[in-house]
Amino acid sequence: MQEQTITALRESLAAAGLPFVQDEPLAGHTTFKIGGPAAFWCTPHNAEELRRTLALCRENGARVYLLGNGSNTLFDDAGFDGAVIDMRGVAEMEHSDADNDVVRITVGAGQTLGRLCSKAQALGLTGLEFACGIPGTVGGAVYMNAGAYGGELKDVLESVTFLDDDLQLRTLPAADLAMGYRTSIFEQNPGWCILSVTVVLHRGDGVAVLAKMQELLGKRKEKQPLEWPSAGSTFKRPVGAFAGKLIEDCGLRGFTVGGAQISEKHCGFVINRGGATCADVVELTEQVKQIVKQKTGFVLEREIRVVK
């Protein structure tokens with residue numbers, strides 16, 4: 001950012017009483033534990049502060065990146081030359097009290113999927129069991145249509161409220177959100193900002209829901225390298241195959257570049273063994289993609305978002 005832009009944005013945010021700091025290390029805000037500093041780190045406490053922060057960033061010509069739990073993001077070693085906005089302050093959650101089989105929960109985009117799943121379980125609602133253990137926020141889950149164990153967010157999604165390119169409030173039904181495999185209309189419209197999400201769940205047996213969630217959490221702990229920093233599944237699942245199996249079949253278990261390594265526990269994960277850089281991860285994934293294509297013909301695509 002030019003010094004003039006930095007000064008103008010700093011003064012604008014301060015005058016508006018909006019919370020921010022400068023030169024915030026991003027490694028501490030992602031599950032990969034990688035990334036240089038953000039020129040501005042903004043922490044709005046609610047949707048209105050978020051809208052005002054976005055407006056000032058646009059007025060001052062600053063780049064913006066919306067960050068939830070940082071579980072699918074790899075920041076560049078040089079950091080982010082703009083404003084990273086921490087969405088976790090937008091985390092309200094309420095549910096309908098309709099006395100029937102269907103219950104709706106409306107939740108802020110910055111709320112974690114884990115807390116949403118816990119809320120569903122406490123209310124004895126079924127439909128979100130698949131999401132238990134996915135480490136992201138609800139907004140991020142909608143953005144990429146997060147899924148696991150045969151379920152996807154689109155299966156329970158009713159509608160999404162967001163700010164459009166003009167920062168106008170809009171709501172769209174799930175049918176209009178182009179929800180596909182790890183994608184949605186929001187990926188195609190980076191200027192939109194998800195504010196809240198409404199899911200539709202059904203009344204069930206709270207004990208059975210909890211048992212299913214615990215079963216899936218157990219599978220995650222058994223099969224995934226949760227003891228190491230990572231960004232979850234590194235590659236999307238190619239049609240007709242599984243990325244982890246392809247990587248394993250190519251003899252790449254434990255393959256290492258710098259501090260980045262293909263997990264020996266699950267080849268679909270790249271882990272930070274200590275001191276890994278963004279450059280390490282990118283180089284490793286490029287080499288893996290090349291080797292897998294040469295040996296199997298399948299073309300792997302990164303699922304994690306590399307932000308420069």
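## Strand S3 and its sheet

In this predicted model, Tyr65 stands opposite Val84 in strand S5, and Leu66 stands opposite Ile85, also in S5. These pairs belong to the contact between S3 and strand S5 (residues 80-86), two strands that run parallel and are joined by four bridges. The residues of S3 fall on two faces, a covered one with Tyr65 and Leu67 and an uncovered one with Val64 and Leu66.

S3 and S5 are part of an open sheet of four strands, arranged in the order S1-S2-S5-S3 with mixed pairing. Strand S1 (20-25) and strand S3 (64-67) stand at the edges with a single partner strand each, so each of them has one side without a neighbour in the sheet. On average, and with direction ignored, neighbouring strands here are turned by 35° against each other. Helix H2 packs on this sheet, where it touches strand S2 (37-42), S3 and S5, and the direction of H2 makes about 165° with that of S5.

## Salt bridges within helices

The structure holds 15 salt bridges, and one of them lies within the helix that packs on the sheet, since Arg51 and Glu48 are three residues apart in helix H2 (residues 47-59), a separation of about one helical turn. The closest N and O atoms of this pair, Arg51 and Glu48, are 2.8 Å apart. Arg51 is partly exposed, with a relative accessible area of 31%, and Glu48 is likewise partly exposed, at 39%.

Another salt bridge within a helix joins the side chains of Lys245 and Asp249, with an N to O distance of 2.9 Å. Both residues lie in helix H7 (residues 243-249), where they are four residues apart, about one turn of the helix. Lys245 counts as partly exposed, its relative accessibility being 46%.

## A salt bridge between two loops

A salt bridge also joins Glu303 to Arg182, and the closest N and O atoms of this pair are 3.9 Å apart. Glu303 is found in the loop between helix H8 (278-296) and strand S18 (305-307), while Arg182 is in the loop between strand S12 (169-173) and helix H5 (185-188), so the pair ties together parts that are 121 residues apart in sequence. Glu303 counts as buried, with 13% relative accessibility, and Arg182 is buried as well, with a relative accessible area of 12%. Both residues take part in a network of salt bridges that links Glu152, Lys154, Asp155, Arg182 and Glu303.

## The nonpolar cores

The largest nonpolar core has 60 residues, and those with the most contacts inside it are Leu128, Val142, Phe186 and Val197. Strand S13 (residues 193-203) gives the most to this core, contributing six residues. When neighbours within four places in sequence are left aside, Val197 is in contact with Ile105, Thr106, Val107, Val138, Val142, Leu157, Ser159 and Val160. Another core lies apart from this one and has 24 residues, among them Leu246, Ile247, Leu252 and Val281.

## Helix H3 and its two sides

In helix H3 (residues 113-122), the buried residues are Leu113, Leu116, Cys117, Ala120 and Gln121. Seen down the axis of H3, these buried residues fall within an arc of 135°, so they line one face of the helix. On the other side of H3, Arg115 and Ala122 are exposed.

The cover over the buried residues of H3 includes strand S6 (93-95), strand S7 (102-108), strand S8 (125-126), helix H4 (138-143), S13 and helix H6 (206-223). Just after H3, Gly124 takes a positive phi of about 70°.

## A buried serine in a loop

Ser263 is placed in the loop between strand S16 (260-262) and strand S17 (269-272). Although it is a loop residue, Ser263 is buried, with a relative accessible area of 1%. Not counting residues up to four places away in sequence, Ser263 touches Pro225, Arg253, Gly254, Phe269 and Ile271.

Note on methods: Residues numbered from 1 in each chain as written. Predicted model: local features only at pLDDT ≥ 70, side-chain atom pairs only at ≥ 80, totals over all residues. Heavy atoms only, no water. Salt bridge = Lys/Arg side-chain N within 4 Å of Asp/Glu carboxyl O. Buried < 20%, exposed > 50% of the residue type's maximum accessible area, 1.4 Å probe, protein only. Core = buried A, V, L, I, M, F, W, Y, C linked by side-chain atoms within 4.5 Å. Contact = heavy atoms within 4.5 Å. Arc of directions from axis to C-beta. Pairing = 2+ DSSP bridges. Axes fitted to C-alpha atoms, helices over the stretch in contact; angles between N-to-C directions.
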